[in-house]
Amino acid sequence: MGANLFTNYGEAVAMILFGIGFGNLLLQSNLIKKIIGLNIMDTAIYLFLAEKGYIAGRVAPIVADGVTSVEAYINPVPSGLVLTGIVVSVSVSALMLALTIRLYRRYHTLDLDEISTLLKKGGL
Amino acid sequence: MYSILLSIFFPVLAGVYLLIRKEMADRRNLLITTGICFVITGILVVATLLTAHGTDFTLFYLTQSLPIYFSVDAVSVIFSAMTMIIFVCAGFFSFEYMKHETKEKRYYGYYLIVFGVLNALCFAGNLITFYLFFEMLTLSSMPLVLHNGSREAIMAGLKYLFYSLCGAYAALFGIYFVCKYSDSLTFTAGGVLTSSAATEHTGLLLIVAFVMILGFSVKAGMFPMHAWLPTAHPVAPAPASAVLSAVIVKAGVLGIVRLVYYIFGASFLRGTWVQTVWLILTLITVFMGSMLAYREKVLKKRLAYSTVSQLSYILFGLAVMDAGSVTGGFLHVLAHGFIKSTLFLCAGAIIYTTGKTKVDELRGIGKEMPLTMWCYTIVSLGLIGIPPTGGFVSKWYLAIGSLGSAIPVFSWLGPVILLVSALLTAGYLLPLTIQGFFPGADYDYEHFKKREPSGWMTIPLLILTVLSVLIGLLPTPLVDYLTQIVSTIL
Amino acid sequence: MDFIQNFPCISIMLCLFAGIISSGLRGKTARWLNTILLIIVTILSACTLLYTISTGESFVYVMGKFPAPWGNEIRAGVLEAGMALFFCIIMLLSLLGGQHKLMKEVEENKVFLYYVLTNLLLSSLLALVYTNDMFTAYVFVEINTISACGLIMIRQVGRTIEAAVRYMIMSLLGSGLLLLGLCMLYDLTGHLLMSNMKESVAAIVAQGEYNIPLIVAIALMTVGLCIKSALFPFHAWLPDAYGYSTVSSAAILSSLVSKGYIFLLIKIIYRVIGFDIFINTRIIDVLFVFGLMGMIFGSLSAIRENDIRRMIAFSSVAQIGYIYMGFGMGTQYGIVASVFHILSHAATKSLLFIAAIGLTDVSGGSRKFIELTGSAYRNKWAGVTFTVGSLSMVGVPLFSGFISKLLFAQAAVQINGKMLPALIVLGISTILNAIYFMKTVIRIYTPVEETSYPSVTFKDMKLYAVVLVFFIILNIILGISSQPIVDMIEQGLAMFA
């Protein structure tokens, strides 16, 4: 078990990062910190994918020197997934930031709990 | 088969037709159409009972294993014949009575729909069909309760809705279990529980049976779920109160008959805690209903409390599960149906001509409306149980059955309470007769004017009164018929 | 290949393009485009449904020229096509029913954005329903989330923005978990296409290797989708989001968006993991317990609520609980009941939201019960419709809610261990439902002596009234002719395997 953890340290780090990001997104009450948490979480998943997709000593499957053996190349799909994921994550972060700006302009605070108490007092 | 379908759907469709057609706003058109519909439905029901006895068929499948299934057996005959007679009589009574109410179109529309739904309940051949129409009955009879649209009426209607729905859910909850532990949900004399389930899961099934009995008895106004009945029945127009109190509550009784004798089986419940608790509840209701009626001043409310009490006579008979008592219960279904509808119709006739609702205001009413008051007096005697009226025969069988059963304590406690309650019944019904016919020395005997209502009102009253007396005078064929039913289900 | 096999792909594309085109249109034109689009997609889905029923088997549509296991695929069977058809109908009715209110609550120059978002939402829902590729599913889950968030906050008040933020946070947590589970599963199987994944999973399980990672991956995906569909402990965002957004959004969110995720979960269960393998994990017991808790606590919160929209929203929590309880039973019957409940709840809940708005409109815009007193007399159509919805929710026969309760109960009695808790909670929750829905019906039908609010008649709201009638018809169809629909669901689930 321990040995497995050490050889797969990349994946282990990715998991720890995912936990940190997840916790931040869930527990922080400051919206900016939440968004940072979101990005950490997403990045952790990309790290995990990239780590899984890479095999030491092999290269991206671009046939340059005539080598067509499967043994020479890595699977390109995880990298593609990472790219797609980044696009999604960027758009989501942008949306969250836009929402944060709106809330800040209205209530002059970034604290979500504080906004909730304000809302409870003030109606709509 | 077609006669069953027609007797269910003809009145429902006719009711919908009345509700949606504009030209029915004209009173003459409305009454002619409604009258024809009553006659046709009556003929259809009679035709069904004569030709379709013993037939059954499946209408459609709700889900794969749950058909909407109808069959006509002896119990259906009893209940649907009573329903038909009372509905037609009260319907013709309404022709005069509804003159002083508004929105007659809506009234007759829903009246016919309820008629059809009740027929469906009588002909329902399995538990799920029964449940379906049980809910439909609540929904379609609610407009009758809240007919006059006053705040009081609407609140009463909603109270009625709420109690009935909760009761129906208790029943539905039980249906799930019955589905699991039985071969089918088709009503079969002696019960449908598989013998292995009945022995292995006795405790669970007893709880289920109890919950279902409570659920159905909400409709029959059993303590502690009786509170809706005295609120809902009096606010309806008098003919509607008559059918509510005389027929619609019997749907709850029919439900319990079907449940106890056709789903669980008497042998499964006899001697268990369910029977004991059920007996206690019915006896409490009998006594309490009479007490409350005795103290009530408004005539229609008094009659509603009386319904609470009298229905539990029937339930008591069913709960004892002895041949005599069950026969008595069935007889009381009929006797109470005819008597209570007459009483409410009399109350309606009095309100219609004098506008008075309280018992104390009605001094000398017997001089003014002798025919109505004679009907009232005769059926009152019946409800108290004085021979040779219908009530006497049914109570006789109830008491004999109870005394003959082997249940400790209740075998003698039951008849005692029935007797006390009969005295109370006399106490709350007869003052009106006494005041009505003997208003006392200070009454102005010279100047009262005869104001007997028209034939639309008096003829239905007479028919129902005669029927209630006939049950008492010539009970033998009826008792024979009932004994046959009872011997198959016990 | 028959031409009809193109229809799923065409309908997704149409929605996407309509979204793009709408962004350059004015509000009214965008609305027309959206309505026409919905009608077209409804027809296309109906054709697909009829086609799959007539051929009796599902078909796979290869996107581009890459064959499996590399390419991207769309797969349509009876269940997928039926779901798409149903989603379109509900969306059309919800949008038409809430149109009047939308025009009031959204700024004039932003109305077109609403239709851009709905078009995108529809495309993502269709893609979730039809796709055969897990990563495509993930991408469309995110598109779904973003457009749903837009639908919540298009009505610009503080509450909705806050609700949108809370919704986004919970959804992102959910999709993060989904993505992680997906990556792990990809790692284990080496495929992204559902059919190939399923073969590999079966092989892995047969060899007895990688048990723990497999369970972790399944658990992550399940929990992620549970969070997104607001299963009981994750429902904190829901009342505000459904309660304050414009009414079409509330109807669409409660009846379609959460159902899209649940449908994806069903696809994962059947098409990716395999039903038996999923059942053998302990996850279903967890789903069962949380489903039961949701049924009780959702109803309890709804009883305490003093605001009609929030009450309906809390009732959704309870209904989602029903669906997960069906999953938790771990039998085919349970899933069939759940799928039927998806349909019946979608039909009923959107009806309730749309009817509730008619009632609040004639009560000075207030949603407090005290103000709603007697509102059913001021807007008779909405009153009747709300009553029908309530009766369906509490399970009166002939309405859809009764059939789903019946199916759940029938499924429950098949399993010995879970029968008692399921039936007892079903009973309690029915009574609780009856309490708060009947309370509301009683309230709206309680007459008031004097009122300052005006009444509305059919002439003032023709479109709205027609929509209400269609909702009622839909509900009754589901309630009466349930057997063909249940058969269709069973056929569809059989095609999944």
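These are my notebook entries on a predicted model of chains A, B and C.

**Setup and confidence**

I number residues from 1 along each chain as its sequence is written, letter chains from A, and number ligands from 1, both in the order in which they are written. Because the model is predicted, I accept local features only at pLDDT of at least 70 and side-chain atom pairs only at pLDDT 80 or more, while totals for chains, interfaces and linings use all residues.

I looked up the confidence of the complex first. The predictor gives an ipTM of 0.93 and a pTM of 0.87. For chain C I read a mean pLDDT of 89 (the predictor's confidence in each residue, from 0 to 100). In chain C, 100% of the residues reach 70 or more. I then went through the elements of chain C (DSSP runs numbered from the N terminus, helices being H or I with at least four residues and strands E with at least two). Helix H4 (residues 111-130) of chain C has the highest mean pLDDT, 93. The lowest, 84, belongs to helix H15 (residues 369-372) of chain C.

**Chain by chain**

Chain A has five helices and zero strands. I read its elements from the N terminus as α-α-α-α-α. I checked its radius of gyration (taken over C-alpha atoms) against the globule rule (2.2 Å times the number of residues to the power 0.38). A compact globule of 124 residues would come near 14 Å, but chain A has 21 Å. The C-alpha trace of chain A spans about 70 × 35 × 15 Å along its principal axes.

Chain B has 20 helices and two strands. Its radius of gyration is 22 Å, close to the 23 Å that the rule gives for 490 residues, so chain B is as compact as a globular protein of that length. Its C-alpha trace spans about 75 × 55 × 45 Å along the principal axes.

In chain C I find 21 helices and two strands. Its radius of gyration is 22 Å, which agrees with the value near 23 Å for a compact globule of 497 residues. The C-alpha box of chain C is roughly 75 × 55 × 45 Å along the principal axes.

**Who touches whom**

I count two residues as in contact if their C-beta atoms, placed from the backbone, lie within 7 Å. Two pairs of chains are in contact, and chains A and C share the most contacts. No contact joins chain A and chain B. Their closest C-alpha atoms lie 33 Å apart.

I took A with C next. The contact uses 21 residues from chain C and 30 residues from chain A. Helix H5 (134-153) and helix H6 (158-189) of chain C each supply at least two residues of the chain C side. H6(C) gives the most, with 15 residues. For classes, I use nonpolar for Ala, Val, Leu, Ile, Met, Phe, Trp, Tyr, Cys and Pro, charged for Asp, Glu, Lys and Arg, and polar for the others, Gly among them. The side of chain C that touches chain A has 15 nonpolar, two polar and four charged residues.

Then B with C. Here 22 residues of chain C are in contact with 20 residues of chain B. Helix H18 (400-412), helix H19 (416-445) and helix H21 (482-496) of chain C give two or more residues each to this side of chain C. H19(C) gives the most, with eight residues. The side of chain C that touches chain B divides into 16 nonpolar, six polar and no charged residues.

**Helix pairs in chain C**

I fit axes as lines to C-alpha atoms, for helices over the stretch in contact, with angles from 0 to 180 degrees between N-to-C directions. Under 35 degrees I call a pair roughly parallel, over 145 roughly antiparallel, 65 to 115 roughly perpendicular, and the rest oblique.

The axes of helix H2 (residues 27-55) of chain C and helix H3 (residues 78-105) of chain C come within 8 Å and cross at roughly 155 degrees. That makes H2(C) roughly antiparallel to H3(C). The crossing is left-handed (the near helix is turned anticlockwise from the far one by less than a right angle; clockwise would be right-handed). Among the residues in this contact I note Leu38(C) and Leu49(C) of H2(C), and Leu85(C) and Leu92(C) of H3(C). By class, the contact has 14 nonpolar, six polar and no charged residues.

H6(C) also packs with helix H7 (residues 194-207) of chain C, at about 70 degrees and with the axes 9 Å apart. H6(C) and H7(C) are therefore roughly perpendicular. H6(C) passes H7(C) in a left-handed crossing. Leu185(C), Leu188(C) and Thr189(C) of H6(C) meet Met197(C), Ser200(C), Val201(C) and Ile204(C) of H7(C). I get five nonpolar, two polar and no charged residues for this contact.
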